[in-house]
Amino acid sequence: MDMQSLEELSLSRFLVPTELPVFEANLSGLPNVLKSAREALEELRASHPASTPSNVRAVYMSPWKSHLLTPKLQPLIDVTADLIRKISIDFFRMDLDGLNYDLLTADAWCAVYEQADSAILHSHYPADFSCVAYLDMEPGAAPIIFSNALEVRPVPGSLLVFPGLLPHHVPATPGRRVVAAMNFIKVPKPLRA
């Protein structure tokens with residue numbers, strides 16, 4: 001179909017009320033994973049000191065593809081991918097491995113929010129799953145708010161996993177919050193001959 005034909009198509013939009021899940025896990029029992037992610041952040045701040053422009057209005061945000069810049073994010077990525085596979089089986093009744101799908105890390109980055117920093121309303125579409133690990137949260141630091149309806153107040157060590165298309169934002173924070181975030185996509189495994 002050529003572009004002119006595509007532009008002539010009329011699109012309608014229908015809204016379907018639905019509930020989307022947000023999952024929370026506690027990574028406090030994996031101190032080496034959290035330590036490695038903190039070290040990744042410090043490495044990234046030293047090697048890439050300029051904050052990446054984005055919807056995040058924070059004192060620092062590392063590059064989107066930070067997982068390609070330091071191997072120290074890999075332990076967190078691996079644990080998170082395993083958790084997504086478990087969530088897929090336990091809650092969605094789908095075994096990604098059994099269906100011949102791989103999970104790929106599309107993006108991974110770190111952000112440091114200081115007083116009054118925020119993130120505007122956004123989603124991570126086209127990611128299938130988005131995840132945020134909370135490396136540091138001062139008492140009273142801003143929550144993450146999903147669809148202007150669900151407020152989650154993570155603590156240090158919390159990991160949130162949610163559908164990438166779920167809108168969310170962070171209001172101006174009165175305290176420090178340090179996160180490592182990731183987007184995952186499902187891709188079919190290559191067929192074996």
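## Two helices, each with a buried side

A residue is called buried here when its relative accessible area is under 20%, and exposed when that figure is over 50%. Keep that in mind for what follows, and keep in mind too that this is a predicted model.

With those cut-offs, α3 has a buried set made up of Leu-76, Ile-77, Thr-80, Ala-81, Ile-84, Ile-87 and Ser-88. They sit on the same side of α3, since they take up an arc of only 130° around the axis. An α-helix has 3.6 residues a turn, so residues three or four places apart point the same way. As for geometry, the 17 residues of α3 should span 24 Å at 1.5 Å a residue, and the C-alpha atoms at its ends are indeed 24 Å apart.

Helix α2 covers residues 31-47 and also reaches 24 Å from first C-alpha to last, close to the 24 Å expected for its 17 residues. Its buried residues are Val-33, Leu-34, Ser-36, Ala-37, Ala-40, Leu-41 and Leu-44. Looking down the axis of α2, you find them within an arc of 160°, so they line one face of the helix. Turned away from that buried side is a face carrying the exposed residues Asn-32 and Ala-46.

## A nonpolar patch on the surface

Past the end of α3 (74-90), in the loop that leads to β4 (101-113), you come to Phe-91. Is Phe-91 buried or exposed? It's exposed, at 55% relative accessible area.

Phe-91 has company out there: together with Phe-92, Met-94 and Leu-99 it forms a nonpolar surface patch. The four add up to about 400 Å² of accessible area.

## Cysteines that don't pair

How many disulfides are there? The count is 0. To qualify, two cysteine sulfur atoms would have to lie within 2.5 Å. The sulfur of Cys-110 has its closest cysteine sulfur in Cys-131, and at 14 Å that is too far for a bond. Seen from the other end, Cys-131 is in no disulfide either, its nearest cysteine sulfur being that of Cys-110, 14 Å away.

Both cysteines are tucked away from the surface: Cys-110 is buried with a relative accessible area of 0%, and Cys-131 is buried at 1%.

## An exposed proline in a loop

Pro-174 belongs to the loop between β10 (168-170) and β11 (177-188). With a relative accessible area of 51%, Pro-174 counts as exposed, the cut-off being over 50%.

Pro-174 and Gly-140 are 34 residues apart along the chain, yet their C-alpha atoms are separated by 6.7 Å.

Definitions and conventions
Residues numbered from 1 in each chain as written. Predicted model: local features only at pLDDT ≥ 70, side-chain atom pairs only at ≥ 80, totals over all residues. Heavy atoms only, no water. Patch = residues over 30% accessible without salt bridge, like charges linked within 9 Å, V, L, I, M, F, W, Y side chains within 5 Å. Areas by Shrake-Rupley, 256 points an atom, 1.4 Å probe, with all protein chains shown as cover. Salt bridge = Lys/Arg side-chain N within 4 Å of Asp/Glu carboxyl O. Helix = DSSP H or I, 4+ residues; strand = E, 2+ residues; numbered from the N terminus. Buried < 20%, exposed > 50% of the residue type's maximum accessible area, 1.4 Å probe, protein only. Expected span 1.5 Å × (residues − 1). Arc of directions from axis to C-beta.
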